[in-house]
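Q: I have a new model open and would like to practise reading it. Could you walk me through its features, beginning with the surface?

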Amino acid sequence: MEIKKSEKANLENRRLLFTEIGFFIALLIVFGAFEYTSRDKKESTMQAEAVAIEEEEMIPITQETPPPPPEVPDIPLLSDQIDIVDDNIKVDDNILNLEDDANLGVDLKDYIAGDVDDEEVEEADVPFAIVEEKPKFMGKDPTVAFSKWVGEHLNYPETARENGVQGRVILQFTVGKDGQIGKIKVLRGVDPLLDKEAVRVVGTSPKWTPGKQRDRAVPVTYTFPVIFQLR
């Protein structure tokens, strides 16, 4: 069966009309869009003009006044003027007398030999290590000779022996200018009994040959160990 179309119902005949109507509506929309944008710009411009500009507060710049310079002391003025003094001025004749005066004299006594007691000046002890000529014991080196002599004359205290006390007593003494032993003292002790025996045996030492400094006898300080050892 053939389908028949009516000429009135065919839309192809109105196609150009619909196209024109569409273009017209599109132009209206575009024009309206332009009009809307321009109004917004005007309103924003008016608002911008209405805003008041705030003035910034200017802070004054203060400058500190420097202190005044110190005062310069006045320089005394030297005058070249010479004052002329009259020659008729009286001068006091009270001048120091430089001539001999009996009241100002000092009695001088003639020196007589023997009136003044000769005072012996105590010489400082010279350490054994630095004396020029070291003292000797029986003409030998005291390190060996005196140690041997002390060992032969040493009496070991019985109480210390029974208690097993032994050790090294360090003594210091002075060999005088005459060779005698003096100023004995204990630098480091072990036991009172041993210390006392060490001082005793050293004090009984025979004379030494004194030490010399510049060819002159001098007192010499000597440090010596006394050894107590049980056997």
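A: Gladly! Start with the accessible surface and ask what kinds of atoms supply it. In this predicted model, the protein chain has an accessible surface of about 21,300 Å², and 55% of that belongs to carbon and sulfur atoms.

Q: What share of the residues of the protein chain count as buried?

A: Buried here means under 20% relative accessible area. By that cut-off, 18% of the 231 residues are buried.

Q: Which secondary structure elements should I look for, and in what order along the sequence?

A: Count the elements, then read their order. The protein chain has four helices and six strands, arranged as α-β-α-α-β-β-α-β-β-β.

Q: How do I read strand pairing around strand 2?

A: Check the partner, the direction and the bridges. Strand 2 (residues 167-175) runs antiparallel to strand 6 (residues 220-228), with nine bridges between them; Arg 168 lies opposite Ile 227 there. Strand 2 is also antiparallel to strand 3 (residues 181-188), through five bridges, and Thr 174 has Gly 182 as its bridge partner.

Q: What links strand 2 and strand 3?

A: Look at the turn. These two strands make a hairpin with five residues between them, and Gly 179 in that turn has a positive phi of about 90 degrees.

Q: And how do helix 2 and helix 4 cross?

A: Read the angle, the handedness and then the residues. The axes of helix 2 (residues 142-153) and helix 4 (residues 192-203) come within 10 Å and cross at roughly 115 degrees, in a right-handed sense. Helix 2 contributes Phe 146, Trp 149, Val 150 and His 153 to the contact, while helix 4 brings Glu 197, Arg 200, Val 201 and Val 202. By class, that contact has five nonpolar, one polar and two charged residues.

Technical notes. Residues are numbered from 1 along each chain as its sequence is written. This is a predicted model: local features need pLDDT of at least 70, side-chain atom pairs count only at pLDDT 80 or more; totals for chains, interfaces and linings use all residues. Side-chain values use heavy atoms; hydrogens and water are left out. Axes are lines fitted to C-alpha atoms, for helices over the stretch in contact, and angles run from 0 to 180 degrees between N-to-C directions. A crossing is left-handed if the near helix is turned anticlockwise from the far one by less than a right angle, and right-handed if clockwise. Contact means heavy atoms within 4.5 Å. Ala, Val, Leu, Ile, Met, Phe, Trp, Tyr, Cys and Pro count as nonpolar, Asp, Glu, Lys and Arg as charged, and the others, Gly among them, as polar. Buried means under 20% relative accessible area, exposed over 50%, partly exposed in between (1.4 Å probe, protein chains only). Accessible areas come from the Shrake-Rupley method with a 1.4 Å probe; for residues, only the protein chains shown count as cover. Two strands pair if DSSP finds at least two bridges between them.
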